[in-house]
Amino acid sequence: MRNVTLESTVNQTTCSPLSLDDYRKFLMYKERSVENLDFYLWFRSYQIRFSQLPKDVIDILTPCRSKKHENNLSGEYSLQLPQCNSRLSSVQEVQGISDLSNIGQKIDQHFLEYKSQLYQAQPFREEVNSIMDIFFTSGSFSELNIEASTLLQLRSEVIYTTHPSIFHVAAMEAYHLMEGDSFMRFKAEALKNLSPSTIHSRCAIGVVIMLLTITGVLITVLFKQTRWYRLILMPLVTCGVSYLVSSYRGICAAKVYARMREIKPHELFPLSNTDIPTVVERQYSEVEVVDSAIIREQQRILLIAFLHIILLTIFLMFLILLVPEAWS
């Protein structure tokens with residue numbers, strides 16, 4: 001399972017239950033944090049689409065962070081105003097006005113108009129504005145949890161350009177957050193071949209069996225039977241421990257060797273409204289596991305669980321035999 005990474009899942013080189021659709025459903029209906037994945041997938045797609053623009057357009061929109069343009073992230077956007085000499089008559093000829101006090105207002109007006117035209121002419125401007133509203137607006141339903149400095153830098157850069165590089169830091173933060181958090185839980189969930197309802201049922205059965213074991217110990221004490229009679233309880237203890245360990249691991253040995261797994265609740269939910277009819281028709285509760293790597297990992301977990309069952313059974317039987325034969 002070491003070769004199953006977030007990158008391989010995003011690149012759709014993995015199959016169910018570790019596919020990209022499975023991960024998205026896991027985030028949507030179990031983790032309730034699909035915004036990181038949605039933004040990262042959009043960023044990858046946007047990079048590809050932006051790279052298909054003409055080279056001169058890409059060069060113009062490439063952010064410039066040099067000292068020369070430290071107050072303007074894209075030097076190409078600087079307004080080149082006509083040079084005015086010291087004589088008022090020359091200024092009047094250029095501007096066509098007679099009042100010197102209006103020169104500053106005219107310059108500001110021309111600059112704002114020019115800046116507005118550049119802003120509207122940028123490719124993907126409406127899409128970028130929409131992304132800012134969805135993922136980077138305070139209080140938004142899909143607001144990303146990124147560093148304040150990253151958000152501040154992004155908001156200052158997006159005014160001047162729609163180049164994908166302005167989103168790179170935010171995308172990497174979202175990626176690393178998924179990689180070290182939700183994706184690890186997703187992999188652990190994918191290795192389980194039991195549904196949550198089955199896990200809870202097995203846990204309840206294990207608890208009941210252990211209560212029956214305690215009852216058996218109390219009976220031997222009340223009737224003042226020798227403690228060696230308690231060895232009869234060993235199969236009961238082993239069964240109870242097996243159910244509890246199985247519910248803790250979420251794995252059934254029979255299903256592992258049958259290469260089957262139960263469908264998790266979040267897998268039945270649609271990714272979109274168009275998926276609803278397909279989901280309604282899926283009445284089966286088990287599917288085949290086709291990934292051999294998952295089977296091998298489940299077998300490794302089973303071996304560890306088997307050792308835990310043996311050790312726990314021995315420990316509990318030792319405690320049971322230590323109980324006095326009769327209470328005075």
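Which residue forms a salt bridge with Asp181, and how many Å apart are the closest N and O atoms? In this predicted model, the partner is Arg185, and the closest nitrogen and oxygen atoms of the pair are 2.6 Å apart. The two residues both belong to helix 9 and are four residues apart there, so about one helical turn separates Arg185 from Asp181. Arg185 has a relative accessible area of 36% and is therefore partly exposed, and Asp181, at 33% relative accessibility, also counts as partly exposed.

Before following the other ion pairs, it helps to have the overall layout in mind. The chain has 328 residues, of which 38% count as buried, and its secondary structure consists of 14 helices and two strands. If one takes the contacts between residues at least 6 apart in sequence, 76% of them join residues that are at least 24 apart.

Salt bridges give some concrete examples of how parts of the chain are linked, and the structure holds 11 of them. One of these is formed by Glu7 and Arg44, whose closest N and O atoms are 3.1 Å apart. This pair links distant parts of the chain, since Glu7 sits in helix 1 (residues 6–10) and Arg44 in helix 3 (residues 35–51), with their positions 37 residues apart in the numbering. Glu7 is partly exposed, with a relative accessible area of 28%, and Arg44 is likewise partly exposed at 25% relative accessibility.

Another salt bridge is that of Glu286 with Lys255, in which the closest N and O atoms are 2.4 Å apart. Because Glu286 lies in strand 2 (residues 286–288) while Lys255 lies in helix 12 (residues 253–257), this pair ties together parts of the chain that are 31 residues apart in sequence. The two partners fall into separate accessibility classes: Glu286, with a relative accessible area of 30%, is partly exposed, whereas Lys255 has a relative accessible area of 15% and is buried, the cut-off for buried being under 20%. Returning to the pair in helix 9, salt bridges that share partners join Asp181 and Arg185 with Glu31 into one network.

Helix 9 also matters for the next feature, the largest pocket, which holds about 200 Å³ of space. Ten residues line this pocket, and the closest to its centre are Lys187, Ala188, Leu191, Glu297 and Ile301. Helix 9 (168–191), helix 11 (234–249) and helix 14 (292–322) are the elements that give two or more residues to the lining, and helix 9 gives the most, with three residues. By class, the lining is made up of six nonpolar and four charged residues, with no polar ones.

Finally, the model can be set beside a database record. An unreviewed UniProt entry carries the annotation "transmembrane region" for residues 203–223, 229–251 and 301–323. Within the model, the span 229–251 is 70% helix and 0% strand, and its end C-alpha atoms lie 33 Å apart. For residues 301–323 the chain is 96% helix and 0% strand, and the end C-alpha atoms of this span are 33 Å apart.

Methods: Residues numbered from 1 in each chain as written. Predicted model: local features only at pLDDT ≥ 70, side-chain atom pairs only at ≥ 80, totals over all residues. Heavy atoms only, no water. 1 Å grid on protein atoms, 1.4 Å probe; cavity = no way out; pocket = protein on both sides within 12 Å on 5 of 7 lines; lining within 4 Å. Points joined across faces, edges and corners; volume = space filled by probe spheres on them. Nonpolar A, V, L, I, M, F, W, Y, C, P; charged D, E, K, R; others polar. Salt bridge = Lys/Arg side-chain N within 4 Å of Asp/Glu carboxyl O. Buried < 20%, exposed > 50% of the residue type's maximum accessible area, 1.4 Å probe, protein only. UniProt positions renumbered as here; feature names shortened; annotations may be inferred. Contact = heavy atoms within 4.5 Å.
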